[in-house]
Amino acid sequence: IGFMFWEHNIFRAIENGFTIIKCAQDGITGAVDPYGRALAAVPTSDNEVHLMEVPVQNGVFTLFRVCGWVFGWICVFLSPVVLVLFVWEKIRQKKRTSSPSQEAAAPYFRPMS
């Protein structure tokens, strides 16, 4: 399971634009830079000590750092609206096709001239 957490940390580093250092008791201990490159990665088990050099660097601009979860919340709030509009349009189309049109009634009601 520690290997899956390592992959998640790579995405967190890219999203937030900074270096992440992760220490694991059972999994992978390592560091990831803001671009997703592994600076150091060592599989670990109990009672191991690892020394690694990680350069100090400024964070990188990412849209996620500015907007955060705004896009996700917009999708959450707009999904019910889109669903209601979709259902409403389907009901409207069904009513339109199920009612007799004037063209079908035209041969029976001819104007007198």
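**Exercise 1. Which residue in β2 stands opposite K22? Use the answer to describe the pairing of β1 and β2.**

Solution.
Step 1. Keep in mind that the model is predicted.
Step 2. Look across from K22. G30 in β2 stands opposite.
Step 3. Check another pair. I21 stands opposite A31 in β2.
Step 4. Read the direction. β1 and strand β2 (residues 27-32) pair in the antiparallel sense. Three bridges hold this pairing in the count.
Step 5. Find the connection. A hairpin of four residues leads from β1 to β2.

**Exercise 2. Work out how β2 pairs with β3, and which residue between them takes a positive phi.**

Solution.
Step 1. Count the bridges. β2 and β3 pair over six bridges, in the antiparallel sense.
Step 2. Place one pair. G27 stands opposite T44 in β3.
Step 3. Place another pair. V32 has A38 as its bridge partner in β3.
Step 4. Go to the hairpin of β2 and β3. Five residues lie between these strands. Among them, G36 takes a positive phi near 90°.

**Exercise 3. Put the three strands in order and find the edges of the sheet.**

Solution.
Step 1. Write the order. It is β1-β2-β3, and the sheet is open. The pairing is antiparallel.
Step 2. Look for strands with a single partner. These are β1 (20-22) and β3 (38-44). Both stand at the edges, so one side of each has no neighbour in the sheet.
Step 3. Add the twist. From one strand to the next, the average is 15°.
Step 4. Ask about cover. Is β2 mostly covered or mostly open? β2 is mostly covered, and six of its six residues are buried.

**Exercise 4. Find the salt bridges, and say how exposed their residues are.**

Solution.
Step 1. Apply the cut-off: a side-chain nitrogen of Lys or Arg must lie within 4 Å of a carboxyl oxygen of Asp or Glu. The count comes to three salt bridges.
Step 2. Start in helix α1 (residues 2-16). E15 and R12 form a salt bridge, and their closest N and O atoms are 3.0 Å apart. The two residues are three apart in the helix, so about one helical turn separates E15 from R12.
Step 3. Judge their exposure. E15 is partly exposed, at a relative accessible area of 24%. R12 is also partly exposed, at 33%.
Step 4. Move to D33. Its side chain meets that of R37 in a salt bridge, with 2.7 Å from N to O. Buried means under 20% relative accessible area. D33 has 2% relative accessibility, so D33 counts as buried.
Step 5. Finish in helix α3. The side chains of E89 and R92 meet in a salt bridge of 2.9 Å, N to O. These residues are three apart in the helix, so about one helical turn lies between E89 and R92.
Step 6. Judge this pair too. E89 counts as partly exposed, at 28% relative accessibility. R92 counts as partly exposed, at 38%.

**Exercise 5. Which residues form the nonpolar patch on the surface? Take a closer look at V70.**

Solution.
Step 1. List the members. They are V70, I74, L78, V81, V82, L85 and W88.
Step 2. Give the area. Together these residues have about 670 Å² of accessible area.
Step 3. Place V70. This residue lies in helix α3 (residues 70-98).
Step 4. Check the exposure of V70. A patch residue needs over 30% relative accessible area. V70 has 45% and is partly exposed.

**Exercise 6. How many disulfides does a search of the whole structure find? Then describe C67 and C75.**

Solution.
Step 1. Use the cut-off: a disulfide needs a pair of cysteine sulfur atoms within 2.5 Å.
Step 2. Read the result. The search of the whole structure finds zero disulfides.
Step 3. Describe C67. C67 is partly exposed, with a relative accessible area of 36%.
Step 4. Describe C75. C75 is partly exposed as well, with a relative accessible area of 33%.

Notes. Residues are numbered from 1 along each chain as its sequence is written. This is a predicted model: local features need pLDDT of at least 70, side-chain atom pairs count only at pLDDT 80 or more; totals for chains, interfaces and linings use all residues. Side-chain values use heavy atoms; hydrogens and water are left out. Patches are made of residues with over 30% relative accessible area and no salt bridge: like charges are joined within 9 Å, nonpolar side chains (Val, Leu, Ile, Met, Phe, Trp, Tyr) within 5 Å. Accessible areas come from the Shrake-Rupley method with a 1.4 Å probe; for residues, only the protein chains shown count as cover. Buried means under 20% relative accessible area, exposed over 50%, partly exposed in between (1.4 Å probe, protein chains only). Two strands pair if DSSP finds at least two bridges between them. Axes are lines fitted to C-alpha atoms, for helices over the stretch in contact, and angles run from 0 to 180 degrees between N-to-C directions.
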